[in-house]
Amino acid sequence: MKYLKHILLCCSFFILLLCLIPAQAQASKYTYNIEKYDVSLRVTPQNTYEITEKLTVNFKTEHHGIYRRIPLENEVGRDDGSRSIIHAFTAIVNSLVNDIISPIIGLFFNADFSDVVIQIGDEDTTLTGRYNYTVSYQYHMGNDVLPDMDEFYFNIIGPGWQDTTISNVTFTIQIPGAFDEENLGMTSGV
């Protein structure tokens, strides 16, 4: 029985080690990492989201900056089985790198017009090490599609970060007016 405990302990340690190795290998395969990602979001009564994202990015190899992909279309699935497709319009307000106004050297749509892509940086300057990025924009959600309730829907991080890892995420959401906290729900996904 004494040996069985040692064998189980060794097996548990080995399984834990196997789980940690792929995570470390995956983190090291990227050429940059987002070490901190903070999102402040203010919802206006007109269903416009005023968003400021602050990112601390650590470039392990030379880069010219970052690309931020913002979806222009979101499909919302609800608990009652209903679905909606939200078409949003994005207006870029500004971008900062290390608290200095940074040029947006590219602003374009991807091939199927589902995202606007912002390229922040300088094509003549390469970066390595840690840099702080601030991106501010407005996200116009259009008319509220639910007649019986107000709906807030937004991917805090969203897609488009497949080429990096994100270590620390914080967010603040400011809603106009009072709301019933009992009816508040959050979802998460990949």
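**View 1. A nonpolar patch lies on the surface of this predicted model.** Its members are F152, V169, F171, I173, I175, F179, L184 and M186. Together they offer about 720 Å² of accessible area. Such areas come from the Shrake-Rupley method with a 1.4 Å probe, and for residues only the protein chains shown count as cover. Patch residues have over 30% relative accessible area and no salt bridge; nonpolar side chains (Val, Leu, Ile, Met, Phe, Trp, Tyr) are joined within 5 Å, like charges within 9 Å. A salt bridge is a side-chain nitrogen of Lys or Arg within 4 Å of a carboxyl oxygen of Asp or Glu.

**View 2. M186 sits in the segment after strand 11 (169-174).** Is M186 buried or exposed? M186 counts as exposed because its relative accessibility is 63%. The cut-offs, with a 1.4 Å probe and protein chains only, are under 20% for buried, over 50% for exposed, and partly exposed in between. In the protein chain, buried residues make up 33% of the 190 residues.

**View 3. V39 has partners in two strands.** V39 stands opposite E53 in strand 2. In strand 11, its bridge partner is F171. F171 also belongs to the nonpolar patch. Strands (E, at least two residues) and helices (H or I, at least four) are DSSP runs, numbered from the N terminus.

**View 4. Strand 1 pairs with strand 2 and with strand 11.** Strands 1 and 2 run antiparallel, joined by eleven bridges. Strands 1 and 11 run parallel, with six bridges. Two strands pair if DSSP finds at least two bridges between them. Four residues lie between strands 1 and 2 in their hairpin, where N47 takes a positive phi near 65°.

**View 5. Confidence varies along the chain.** pLDDT is the predictor's confidence in each residue, from 0 to 100. Its mean for the protein chain is 75. Strand 1 (residues 32-43) has the highest value, 95; helix 1 (residues 2-28) has the lowest, a mean of 41. Over residues 1-25 the pLDDT is below 50, and this stretch has zero contacts beyond near neighbours in sequence. Contact means heavy atoms within 4.5 Å. Where pLDDT is low, the predicted coordinates should not be read in detail.

**Notes for all views.** Residues are numbered from 1 along each chain as its sequence is written, and side-chain values use heavy atoms, without hydrogens or water. In this predicted model, local features need pLDDT of at least 70 and side-chain atom pairs count only at pLDDT 80 or more, while totals for chains, interfaces and linings use all residues.
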